[in-house]
Amino acid sequence: MTSRIIIDTHAHVFPPKVVDVAIEALSVPERRNQIGGTLDDLLANMKRAGIKQTWTIPVATRPDQVANINRFAASQRALPGSPIVPLGAIHPDCDNPRAILAEFQELGLPGFKVHPDYQDVHPTDPRMQPIFDAAVDFNLMAYCHSGDDVGPRTALGSPQEYAAVIAEYPDLRIVLAHLGGYLMWDEVEEHLVGIGHPDRVFFDTSHIRGRIGEKQLLRIMRAQGLDRILFGSDSPWMQVADDITYFESLGFAEADLDALFHQNATKLLASTAIS
């Protein structure tokens with residue numbers, strides 16, 4: 001168990017009645033769950049690893065899933081003294097995404113997950129415009145899968161696409177998962193590193209341990225700035241305790257580790273409508 005303050009900004013949980021089906025559907029040889037996929041599994045693992053807070057980020061693969069996913073997300077926030085910060089879901093084919101996102105403050109949801117590959121949408125698709133506009137207007141964060149994926153392998157959310165989104169929506173609070181672009185880190189260095197407002201554009205560290213060479217990882221993290229990177233594990237697919245140990249081993253100064261492990265997440269969350 002770590003003695004640090006740790007906020008894990010990237011985890012997934014599933015309702016008990018669908019968890020087995022969901023885990024099996026999302027599992028491939030390159031992605032196998034390291035812990036169980038329920039909220040109870042996550043809470044137990046947080047206690048073992050000494051995690052102060054975890055953000056759960058669901059994905060809606062169909063518009064008709066959005067309402068149920070958001071109710072499940074809100075129920076996590078409602079637990080007394082909960083260390084969980086749930087984000088909500090939206091889908092580009094929802095009839096009125098603005099109305100859905102307008103309810104997020106009442107539900108206690110500070111943002112939503114975008115997954116281009118599972119939602120069959122490019123980030124620059126016109127269907128995303130009302131979603132990003134509402135995120136700006138309602139002070140919500142867009143937490144986005146970026147780069148390739150071990151499942152669909154369509155890479156609809158490329159670093160180039162997100163660079164265009166950041167240019168078009170300079171006031172959007174956006175987190176690009178997997179260090180800006182899973183398995184597309186050359187493109188991250190070319191198109192994404194350092195762009196956008198430093199208080200609104202972040203990368204996270206989820207699911208990159210063992211997938212990216214250490215020299216390139218350090219180069220990207222230092223060029224982006226440790227004040228613009230969030231610690232995320234991608235639980236249950238990665239074991240958070242192992243990720244903590246790994247990032248502690250990279251030689252960063254203590255002030256940089258504090259920023260990475262909790263300060264940046266606290267700052268970003270405080271800037272949303274829900275803090």
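1. Aspartate 171. In this predicted model, aspartate 171 sits in the loop that joins α8 (159-168) to β7 (173-176). Its relative accessible area is 42%, so aspartate 171 is partly exposed. Beyond its neighbours within four places in sequence, aspartate 171 is in contact with Val136 and Arg200. Proline 80 is another matter. The C-alpha atoms of aspartate 171 and proline 80 are separated by 33 Å, with the two positions 91 residues apart along the chain.

2. The Arg4 network. Arg4, Glu248 and Glu254 are joined in a network of salt bridges. Take the pair with glutamate 248 to begin with. The closest N and O atoms of arginine 4 and glutamate 248 are 2.5 Å apart. Arginine 4 belongs to the segment before β1, while glutamate 248 belongs to helix α11 (residues 240-248), so this salt bridge ties together parts that are 244 residues apart in sequence. Now the other partner. Glutamate 254 forms a salt bridge with arginine 4, and here the closest N and O atoms are 3.0 Å apart. Again distant parts of the chain are linked: glutamate 254 is in helix α12 (residues 254-270), 250 residues from arginine 4.

3. Burial within that network. Is arginine 4 buried or exposed? Arginine 4 has 19% relative accessibility, and the cut-off for buried is under 20%, so arginine 4 counts as buried. The two glutamates fall in another class. Glutamate 248 is partly exposed, at 31% relative accessibility. Glutamate 254 is partly exposed too, with a relative accessible area of 47%.

4. Arginine 127 and aspartate 93. The count of salt bridges comes to 12. One of them joins the side chains of arginine 127 and aspartate 93, at 2.8 Å from N to O. Arginine 127 lies in the loop between α6 (116-119) and α7 (129-137). Aspartate 93 lies in the loop between β4 (88-89) and α4 (97-102), and the pair, 34 residues apart, links distant parts of the chain. Arginine 127 is partly exposed, with a relative accessible area of 28%. Aspartate 93 is partly exposed as well, at 39%.

5. The nonpolar cores. The largest nonpolar core holds 65 residues. Which of them touch the most other members? They are Phe112, Ile174, Leu179, Leu217, Met221 and Phe247. A second, separate core has 14 residues, including Leu87, Met141, Val175 and Ala177. Back to the largest core for methionine 221. Apart from neighbours within four places in sequence, methionine 221 is in contact with Leu179, Leu226, Ile229, Phe247, Phe252 and Leu260.

6. Helix α10. Met221 is one of the buried residues of helix α10 (residues 214-224). The others are Gln216, Leu217, Leu218, Ile220 and Gln224. An α-helix has 3.6 residues a turn, so residues three or four places apart point the same way. What covers the buried residues of α10? The cover includes α9 (185-191), β8 (201-204), β9 (229-230), α11 and α12. Just after α10, glycine 225 has a positive phi of about 100 degrees.

7. Backbone points to check. Most residues other than glycine have a negative phi, and most peptide bonds are trans. Alanine 155 is not a glycine, yet it has a positive phi of about 50 degrees. Alanine 155 lies in the loop between β6 (141-144) and α8. At 22% relative accessibility, alanine 155 counts as partly exposed. Histidine 207 also has a positive phi, near 55 degrees. Histidine 207 lies in the loop between β8 and α10, and at 4% relative accessibility it counts as buried. The peptide bond from serine 235 to proline 236 is cis, with omega near 10 degrees. Proline 236 lies in the loop between β9 and α11.

8. The largest pocket. The largest pocket has a volume of about 890 Å³. Its lining comprises 35 residues, and Phe14, Ala22, Leu26, Val59 and Ile69 lie nearest the centre. By class, the lining has 18 nonpolar, 11 polar and six charged residues. At least two lining residues come from each of β1 (7-11), α1 (19-26) and α3 (66-77). Which element gives the most to the lining? It is α3, with five residues.

Key:
Residues are numbered from 1 along each chain as its sequence is written. This is a predicted model: local features need pLDDT of at least 70, side-chain atom pairs count only at pLDDT 80 or more; totals for chains, interfaces and linings use all residues. Side-chain values use heavy atoms; hydrogens and water are left out. On a 1 Å grid over the protein atoms alone, a cavity is a set of points where a 1.4 Å probe fits but cannot get out, and a pocket is an open set with protein on both sides within 12 Å along at least five of seven lines; lining residues have an atom within 4 Å of a point. Grid points are joined across faces, edges and corners, and a volume is the space filled by probe spheres set on the points. Helices (H or I, at least four residues) and strands (E, at least two) are DSSP runs, numbered from the N terminus. Ala, Val, Leu, Ile, Met, Phe, Trp, Tyr, Cys and Pro count as nonpolar, Asp, Glu, Lys and Arg as charged, and the others, Gly among them, as polar. A nonpolar core is a set of buried Ala, Val, Leu, Ile, Met, Phe, Trp, Tyr and Cys residues joined through side-chain atoms within 4.5 Å. Buried means under 20% relative accessible area, exposed over 50%, partly exposed in between (1.4 Å probe, protein chains only). Contact means heavy atoms within 4.5 Å. A salt bridge is a side-chain nitrogen of Lys or Arg within 4 Å of a carboxyl oxygen of Asp or Glu.
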